2 protein chains.
Amino acid sequence: MTENMDFRKMLREAINERCHLLPEDSGKAVIAQFGMKVPSGKRVTSFREARRVASELGYPLVVKAMAPDLIHKSDRGAVKVGVESHSVLRKAMGELRNLFPGVPLLLEKMVAPGVELITGLIDDGHFGPCLMIGMGGFLTELFQDVNFLMLPAKRGEVLEALMDLKGFKLLSGFRGRPAYDIDQTVDAIMGLARFGEEAAGYYESVDINPLIVNERGAIAVDVKILLNPTFVAPSCEELSVDTRSLDRFFSPRSVVVIGASATTGKSGNVVIRNILANGYAGKVYLVNPKAGEILGLPVQPSIADLPEGVDLAIIVLPSKETPQALRDCAARDIRQIVLLAGGFAEVDEYGEEIQHETIQIIREKGLRVIGPNTSGHTSTPYQFTSSLFPLGKIRRGKVSFLAQTGNFATHTMRYILTGEHFGVSRVIGLGNKVDIEESEALEYLGNDPETNAIIMYLESIERPKRFLEIARKVTRRKPVVMLKGGITEAGKKAAVAHTAAMALEDRLVDGMLRQAGIVRVREYTHLILAAKAFSMNPLPKGNRVSFLTPSGAMLVTLSDLCISLGLEVPELEEETRQRLQDISPPFIRMRNPVDIWAAATVRGVEFGYREGMEAVLKDPNIDAVVPVLMLTRETGIPSYNFILELAKKYPEKPILVTFSAEKRYMEECKEFLEPRGIPTFPEIEQPFEVLSILYRCTKSMNRPR
Amino acid sequence: MTENMDFRKMLREAINERCHLLPEDSGKAVIAQFGMKVPSGKRVTSFREARRVASELGYPLVVKAMAPDLIHKSDRGAVKVGVESHSVLRKAMGELRNLFPGVPLLLEKMVAPGVELITGLIDDGHFGPCLMIGMGGFLTELFQDVNFLMLPAKRGEVLEALMDLKGFKLLSGFRGRPAYDIDQTVDAIMGLARFGEEAAGYYESVDINPLIVNERGAIAVDVKILLNPTFVAPSCEELSVDTRSLDRFFSPRSVVVIGASATTGKSGNVVIRNILANGYAGKVYLVNPKAGEILGLPVQPSIADLPEGVDLAIIVLPSKETPQALRDCAARDIRQIVLLAGGFAEVDEYGEEIQHETIQIIREKGLRVIGPNTSGHTSTPYQFTSSLFPLGKIRRGKVSFLAQTGNFATHTMRYILTGEHFGVSRVIGLGNKVDIEESEALEYLGNDPETNAIIMYLESIERPKRFLEIARKVTRRKPVVMLKGGITEAGKKAAVAHTAAMALEDRLVDGMLRQAGIVRVREYTHLILAAKAFSMNPLPKGNRVSFLTPSGAMLVTLSDLCISLGLEVPELEEETRQRLQDISPPFIRMRNPVDIWAAATVRGVEFGYREGMEAVLKDPNIDAVVPVLMLTRETGIPSYNFILELAKKYPEKPILVTFSAEKRYMEECKEFLEPRGIPTFPEIEQPFEVLSILYRCTKSMNRPR
């Protein structure tokens, strides 16, 4: 890019002159430097000058009043289009001067019609500079057909965001319209994206609406740059990318519980019980001023009494005692710390102060901290947990949870342990994130050989740029699923009135997660169900499902569901169909989905499901199979061993089981299958909802670079 | 309406002349009779004539080529707009004649710009004449911002369908645009609706695109009437609206099982066991050629051996024996019949023939029949069922199921009986609907004092007009919830490729159910969960929810969920807030939703939830309350009695319970609460999904007339 003007200097000067909306001609000059086409034009102060400019430019022209507060220009009569002659020009200028006295006028060559897009930038408090791409004009507001991307965005991501618009067809030869040059359009938007990065801090938002795409390319017809009145040069991205590993948290050779308690039920007691119940093999120290013994372990009266260099401290003290405890730990060279207490920034100003002090000590002493306001973390490969919630022995598995909240170290984990059969690998409750946040934790889990899949729950993302960078890599290696909780601050205050505010943040999150390759889910329960499937199932190769049900109504409603979830229920190979026909009475014409009950009635439930499942598992058109087992004593309970055998025989195809009829047998089926590695789901919709999540993971891991 | 032309005669003649697309001038003449404005215009054959017409009409003009196969005229250059002078007109006509030689031309006054709507008719094989209203031009195809209504449609319904468009704002003064006359717009559409009814059978579809709404009103600028080449005068609506009641099916004084079997497991045996297990008090007869005794009851060798006038026959014979059995029943004056066997039209051509014969016998003999291909029906107030599935005693309740399928008389009922605690009143499995169909059954349930709520599963609607009429009334008295299963025939053949086809039928169903006041659900599981809530909860007065959770993450994610479900989580009265604050430690600022765990920790789980729930139940801003109970032995299991007491004290506010943590206690909680009338839900999202269904029912029952 040839920079024939120091755009930063110009923007700075405008800000210093308390200019909020940059005059349009200046705005266009700036973005033109970044390779965006703009209409030829010139600011004019008199009709005499205008006539001269008009002769240079040639009619038809547009005249615009560049008032500093005009947001919706065309709505307020500040734009005169289709000016075809000197006399019309004189009239137009006269009218604009009456309506907007003293406002400078801009004369521009009128742009030939085409498709109106909108593109823009918003410097979001949370996500930093973000790029918007959408259908322009009135379509933007009415249909909200827009997509967001975090910057920096890759060209392929911009193209995808453009092609994903409902209105994209308008660009590509819709019903006999011309097909425009998509490359040029993406080039133009990439220019704006570069401006968005290079000018970060100078603007609040940029609106290019319309960006007219016609035979000549993509032209920024209207450019509104809202400057940032409180401009500060953006800080150099990350303070310091910490390269020290989180390993010690997940494989501590020794641990100390500071604030150990002898009272059952107190957090300082529960933590110790959890550590012991998990069979932790390292050395366990306890600290409490009362000294003595707790649960058979000796208690040190103070941190100073500990040996040097204990790997990990779990601090269970009131928030106000935390700063001193941190200093004491640092003095004993204890550098990994979990802060279980609450009472920090999440409660009041006093807590905020303590949190601030805590952060200073962490920086100063070079400590690594999880929390505060967390319920702990877990590492089953090392038989270790710092959870303050009564959990007992935590089942080992290959799925890791990374959560802003303590739920996965507390009641949700308790549910998983008592209501499900899968285990976990690492669990991290980030809490207030004074030090370790999701980016670093995600990077750790991405590299962790004990983690096959990552389940996240986040309410905020601390360093979105770093997070995006890391996530882009991790999601090519492992499935990553996220529930994003929470609405904007504005939204939180009056949730319903601010749906729009939520929608905005929601779109930013959507765009960013798509760039990151993270599969977004919308229900808390899906985090648990997906974890179960990741624990037991391979990822499906594609989205082609076969399912076997005992009832026509289920065939119909589950087919409908598949379509709405983006799953296919394809035709089977003739050989497969024939096999299904062979096991069924002749009056049913067998196909996919499979109406299995007639076969089950005539040949036995086990035979019907076994042969039916094997037929579709064998079929090259099928990526995953869901049997809906009908279970009653009278109709016969199968042994279920056949499902294990089929899973072994077709290891690349996920089998997800659901059922109907008698509750008791459903539960028995779950108790049999799940410990043996086949997931079951109590509601018939769930296997399909989960398959859709798994398939989106497959697609994301294989996405083009 | 002044009919200055016999439009039916004209349409008939056009059809006889093998005209498919009615010439536009004729189409406009027809709809003008129904009160729609059309542009002034005239068909011209020479430029000479055109010049004369142009002088009459005045410029600017539009010239259109009226080729019989032009569907997207403007895409193919068949329309010249903005013709401003004789010379331009001559040129335009020349071009059109070159492009479309021999095609008649239409000269019209150009309509001033405005908002482009689309409106149209489709004579759907299923739903009969339906009206479409949407945003016109390219918006239609790209954004599919259209709504459908079945005819006849009420004016209020048309207005609602118009206002419900995302693009409606364009009509009502959007960003400084003019606000147009909505009344005139609705008048125009109502005119088309009248045509749609009166001309039913003559057209396949009508497209008015655009219907331009400007200062002069709503003008049908382009009118395409596709005639029905296989025109047949529509049959006089209903053959005969049967007014005989279905009472006998649900309170038979005597019943005979024809095809009774001594073999355990056979349908002819299961039916008898079910009847006995339910404690049916009427007389039970059995028929089987072998005579003898089954389950202690005497068996008659033939129908002829039965006494006259048994109230109800349950026929469990192969399909081919059914016609004779029906005749024999008629001979003994047995007039109510349940046909349990399959093997009719659903299997093959031979079955179709038998079904046809069956229908003839029914008509001839005046029988009333449920089925065939059904699994039976149930009437717990009369302790009776005809189900062929082993069910045992069916729990009595106040919710009735009306289903196309036998699921609710078979495995789904078995699940409800073994996995849930609510009961049912009437259950009807319609099967192939040779006689009794959903309209009549819905009318019966609507008038049934034993039915408080109606749950429907339908795959087809036999007489949509009658169904709509009946449903409009019933839904004002009782909540009616429906899952519509199934896609169009075209869609069934290749589900994924025909998403569009499905979407179309889906939109028709959507529009019709909205007119009918039926609340549509999308998941099978929701039919069961809604039935549970109807059985135990009052309907909420509004959509304002309070919920109490043990975890911040749940506060956040469930608030998000509420917004997406159309539920509000409003601010509480200051008094309520104070009460919540009083029971909590001071460091938490209490509000709605309620973060209850600190209170539960400090003051006890039962105290915390009880006092918290009572505070919000008392609050006039709250319509429904959801406690998320956290259940572990260590943190304390409450007695749950307090929930019963609260439900009694605040009978107008639904309480829906869900939980987290230990599975075993969740199940115990369900076992305690549900038999006592409080519904519980295993997944935290479900109470909210169900509340949203209940609230939509409230809104529907109170909708304006």
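Select B:Lys433 to begin, and you will find yourself in the loop of chain B that runs between strand β21 (424-429) and helix α13 (438-447). In this predicted model, the phi of B:Lys433 is near 55 degrees, which is a positive value in a residue other than glycine. Is B:Lys433 buried or exposed? Its relative accessible area is 8%, and because the cut-off for burial is under 20%, B:Lys433 counts as buried.

For a second positive phi, go over to chain A and select A:Gln144, which is found in the loop between α5 (138-143) and β7 (146-150). A:Gln144 is not a glycine, yet its phi is positive, at about 45 degrees. The relative accessibility of A:Gln144 is 42%, so this residue is classed as partly exposed.

Return to chain B for the cis peptide bonds. Select B:Leu151 together with B:Pro152, and look along the bond that joins them: this peptide bond is cis, with omega near 0 degrees. B:Pro152 has its place in the loop of chain B that connects β7 (146-150) and α6 (155-163). Next select B:Gly371 and B:Pro372, where the peptide bond is again cis, with omega near -5 degrees. Here the proline, B:Pro372, is found in the loop between β17 (368-370) and β18 (377-379) of chain B.

Staying in chain B, move to helix α11 (residues 349-365) and select B:Thr358, which has its place in that helix. With a relative accessible area of 0%, B:Thr358 is buried. Which residues does B:Thr358 touch, leaving aside those up to four places away in sequence? Display B:Pro323, B:Leu326, B:Leu339 and B:Phe344, for these are the residues that B:Thr358 touches. If you then add B:Thr322, which is 36 residues from B:Thr358 along the chain, you will see that the two C-alpha atoms are separated by 7.5 Å.

Now show chain A as a whole. Its secondary structure comprises 24 helices and 29 strands, and its C-alpha atoms fill a box of roughly 95 × 80 × 40 Å along the principal axes. Of the 705 residues in chain A, 60% are buried. Taking the contacts in chain A between residues at least 6 apart in sequence, 72% join residues that are at least 24 apart. Colour the surface by atom type next: the accessible surface of chain A comes to about 27,400 Å², and 51% of it belongs to carbon and sulfur atoms. Colouring by charge picks out 86 positive and 88 negative side chains in chain A, two sets whose centres lie 2 Å apart.

Finally, display both chains and turn to the interface. There, 73 residues of chain B are in contact with 73 residues of chain A, and the area buried between the two chains is about 6,200 Å², with carbon and sulfur atoms giving 61% of it. Select B:Leu142, B:Phe143 and B:Arg175, which supply 11% of the area that chain B buries against chain A, more than any other three residues. Because 100% of the interface residues of chain B are also interface residues in chain A, the copies meet through the same surface.

How are the two chains related? Chain B is superposed on chain A, with an RMSD of 0.1 Å, by a rotation of 180 degrees with 0.1 Å of shift along its axis. That is the relation of a two-fold axis. To locate this axis from chain B, select B:Phe143, whose C-alpha is the nearest to the axis in that chain, at 3.8 Å.

Note on methods
Residues numbered from 1 in each chain as written. Chains lettered and ligands numbered in written order. Predicted model: local features only at pLDDT ≥ 70, side-chain atom pairs only at ≥ 80, totals over all residues. Heavy atoms only, no water. Least-squares fit on C-alpha atoms with pLDDT ≥ 70 in both. Contact = heavy atoms within 4.5 Å. Helix = DSSP H or I, 4+ residues; strand = E, 2+ residues; numbered from the N terminus. Buried < 20%, exposed > 50% of the residue type's maximum accessible area, 1.4 Å probe, protein only. Areas by Shrake-Rupley, 256 points an atom, 1.4 Å probe, with all protein chains shown as cover. Lys, Arg positive; Asp, Glu negative; His and termini not counted. Charge placed at Lys NZ, Arg CZ, Asp CG, Glu CD. Buried area = accessible area lost by both parts, 1.4 Å probe.
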